[in-house]
Amino acid sequence: MTDQNDKSASQARASRDDRLKSALRENLKRRKVQARERAASTDPSQNDDGSLNEGAAGKTGS
(Lines give C-alpha, C1' and ligand atoms only; values in the text may rest on other atoms or scores of the structure.)
Protein backbone atom coordinates (compact mmCIF):
# COMPACT_ATOMS: atom_id res chain seq x y z
CA MET A 1 0.00 0.00 0.00
CA THR A 2 2.82 2.45 0.79
CA ASP A 3 4.40 1.54 -2.54
CA GLN A 4 1.47 3.03 -4.41
CA ASN A 5 1.53 6.17 -2.23
CA ASP A 6 5.22 6.60 -2.97
CA LYS A 7 4.62 6.26 -6.71
CA SER A 8 1.79 8.77 -6.75
CA ALA A 9 3.81 11.18 -4.64
CA SER A 10 6.81 10.91 -6.96
CA GLN A 11 4.57 11.37 -10.01
CA ALA A 12 2.99 14.45 -8.44
CA ARG A 13 6.42 15.85 -7.67
CA ALA A 14 7.63 15.18 -11.22
CA SER A 15 4.52 16.85 -12.61
CA ARG A 16 5.06 19.86 -10.36
CA ASP A 17 8.73 20.06 -11.34
CA ASP A 18 7.79 20.02 -15.03
CA ARG A 19 5.25 22.81 -14.52
CA LEU A 20 7.79 24.89 -12.61
CA LYS A 21 10.47 24.38 -15.26
CA SER A 22 8.04 25.43 -17.97
CA ALA A 23 6.91 28.50 -16.04
CA LEU A 24 10.50 29.56 -15.34
CA ARG A 25 11.43 29.10 -19.00
CA GLU A 26 8.48 31.25 -20.15
CA ASN A 27 9.29 33.91 -17.55
CA LEU A 28 12.89 34.07 -18.71
CA LYS A 29 11.82 34.47 -22.34
CA ARG A 30 9.40 37.26 -21.40
CA ARG A 31 12.04 39.08 -19.36
CA LYS A 32 14.57 38.86 -22.18
CA VAL A 33 12.08 40.36 -24.64
CA GLN A 34 11.27 43.15 -22.18
CA ALA A 35 14.97 43.89 -21.65
CA ARG A 36 15.58 44.05 -25.42
CA GLU A 37 12.64 46.40 -25.88
CA ARG A 38 13.84 48.67 -23.09
CA ALA A 39 17.37 48.72 -24.48
CA ALA A 40 16.13 49.52 -27.97
CA SER A 41 13.78 52.29 -26.87
CA THR A 42 16.19 54.02 -24.45
CA ASP A 43 19.52 53.59 -26.23
CA PRO A 44 21.36 56.80 -25.28
CA SER A 45 24.22 56.24 -27.73
CA GLN A 46 22.15 56.87 -30.86
CA ASN A 47 19.87 59.65 -32.07
CA ASP A 48 16.65 59.01 -33.95
CA ASP A 49 18.51 59.16 -37.26
CA GLY A 50 20.99 56.50 -36.10
CA SER A 51 23.98 58.83 -35.74
CA LEU A 52 26.05 58.75 -32.60
CA ASN A 53 25.07 61.16 -29.86
CA GLU A 54 28.23 62.98 -28.86
CA GLY A 55 26.59 65.37 -26.41
CA ALA A 56 28.63 67.53 -24.05
CA ALA A 57 31.18 64.80 -23.39
CA GLY A 58 32.31 64.78 -27.02
CA LYS A 59 32.95 68.53 -27.22
CA THR A 60 36.36 69.98 -26.55
CA GLY A 61 37.06 73.45 -25.22
CA SER A 62 38.22 75.94 -27.88
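These legends walk you through three views of a predicted model.

**View 1. The whole protein, one helix and no strands.** Start here to get your bearings: the protein has one helix and zero strands. That helix, α1, covers residues 2-41. Of the 62 residues in the protein, 0% count as buried. The accessible surface comes to about 6,000 Å², and carbon and sulfur atoms account for 49% of that surface.

**View 2. The salt bridge between Lys29 and Glu26.** Searching the whole structure turns up one salt bridge, and here it is: Lys29 pairs with Glu26. Their closest N and O atoms are 3.8 Å apart, which counts as a salt bridge because the cut-off is within 4 Å. Both partners sit in helix α1, three residues apart, so about one helical turn separates Lys29 and Glu26.

**View 3. The surroundings of the two partners.** Are Lys29 and Glu26 buried or exposed? Lys29 is partly exposed, with a relative accessible area of 48%. Glu26 is also partly exposed, and its relative accessible area is 43%. Both values lie in between the cut-offs of 20% for buried and 50% for exposed.

Note on methods: Residues numbered from 1 in each chain as written. Predicted model: local features only at pLDDT ≥ 70, side-chain atom pairs only at ≥ 80, totals over all residues. Heavy atoms only, no water. Salt bridge = Lys/Arg side-chain N within 4 Å of Asp/Glu carboxyl O. Helix = DSSP H or I, 4+ residues; strand = E, 2+ residues; numbered from the N terminus. Buried < 20%, exposed > 50% of the residue type's maximum accessible area, 1.4 Å probe, protein only. Areas by Shrake-Rupley, 256 points an atom, 1.4 Å probe, with all protein chains shown as cover.
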